[in-house]
Amino acid sequence: MTRPHIRRRRATDLDGCVAALADVHRADGYPLNWPADPHRWLREPHPARAWVAVDSDAAIVGHVAVHRVPGPVDGPPARPTAEVARLFVIPAARGLALGSALLARARQWASARGTDLVLEVTSSSTAAAALYERTGWRCTGTSTAPWTAPDGGSVSLRHYTLRGDAAPAIAVRRRASWAAASRSSGGSSTSTS
């Protein structure tokens, strides 16, 4: 599969997004509870922005949205915050770094607006947590979800945050590596990325 491109989600993309989401749900159990109306689940709460990854056949293979988080009613104004939500990549498109690319698109949007990003993920979603931590997100705590699993059991959530102007951890490490290589090679370095 050639690397899909990422663009803003259009209203006409929703059927393709639902088909992709169904593929992800069958493979990974995300979302944990299949929504009664998946079209509505993808549209609400009204996202500030949403993007899709589209393959060469114009099929939706990935998705992410950001939803604005209201500021405090009382007290000093807080820095603007948005929640990353509805992130998924179909199994056939994995291994192409689309999850990282979709998160980077959300990060670009947030950085341009001076907005912090937050997200939550079920504690059982270890692959998702690894992706977030690899791309610079910091776990800030855990809680019990106000909703239950399909079997009626409680669901533990991990909460993550990322400053809107934060560089992904991998980019920081790469820059440090290049600087070290430059020092050890007398100032000459070559990037292969």
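Q: Which residue stands opposite cysteine 139 in strand 7?

A: Cysteine 139 faces tyrosine 160 in strand 7 of this predicted model. Another such position is threonine 142, which stands opposite arginine 158 in strand 7.

Q: In which sense do strand 6 and strand 7 pair, and over how many bridges?

A: The pairing of strand 6 with strand 7 (residues 154-162) is antiparallel and covers seven bridges. Five residues lie between the two strands in their hairpin, and there glycine 152 has a positive phi near 90°.

Q: How do side chains point along a strand?

A: Along a regular strand, side chains alternate between the two faces of the sheet.

Q: What is the strand order of the sheet, and is the sheet open or closed?

A: The sheet is open, and its seven strands follow the order 1-2-3-4-5-7-6 with mixed pairing. Strand 1 (5-8) and strand 6 (138-148) are the edge strands, each pairing on one side only. From one strand to the next, the twist averages 25°.

Q: Which strands does helix 1 lie across, and at what angle does it run to strand 4?

A: Helix 1 (residues 14-28) lies across strand 2 (49-54), strand 3 (60-69) and strand 4 (81-89). Its angle to strand 4 is about 70°.

Q: Which strands does helix 3 lie across?

A: Helix 3 (residues 98-112) lies across strands 1, 2, 3 and 4, strand 5 (116-122) and strand 7. Helix 3 runs at about 160° to strand 4.

Terms used: Residues are numbered from 1 along each chain as its sequence is written. This is a predicted model: local features need pLDDT of at least 70, side-chain atom pairs count only at pLDDT 80 or more; totals for chains, interfaces and linings use all residues. Side-chain values use heavy atoms; hydrogens and water are left out. Two strands pair if DSSP finds at least two bridges between them. Helices (H or I, at least four residues) and strands (E, at least two) are DSSP runs, numbered from the N terminus. Axes are lines fitted to C-alpha atoms, for helices over the stretch in contact, and angles run from 0 to 180 degrees between N-to-C directions. Contact means heavy atoms within 4.5 Å.
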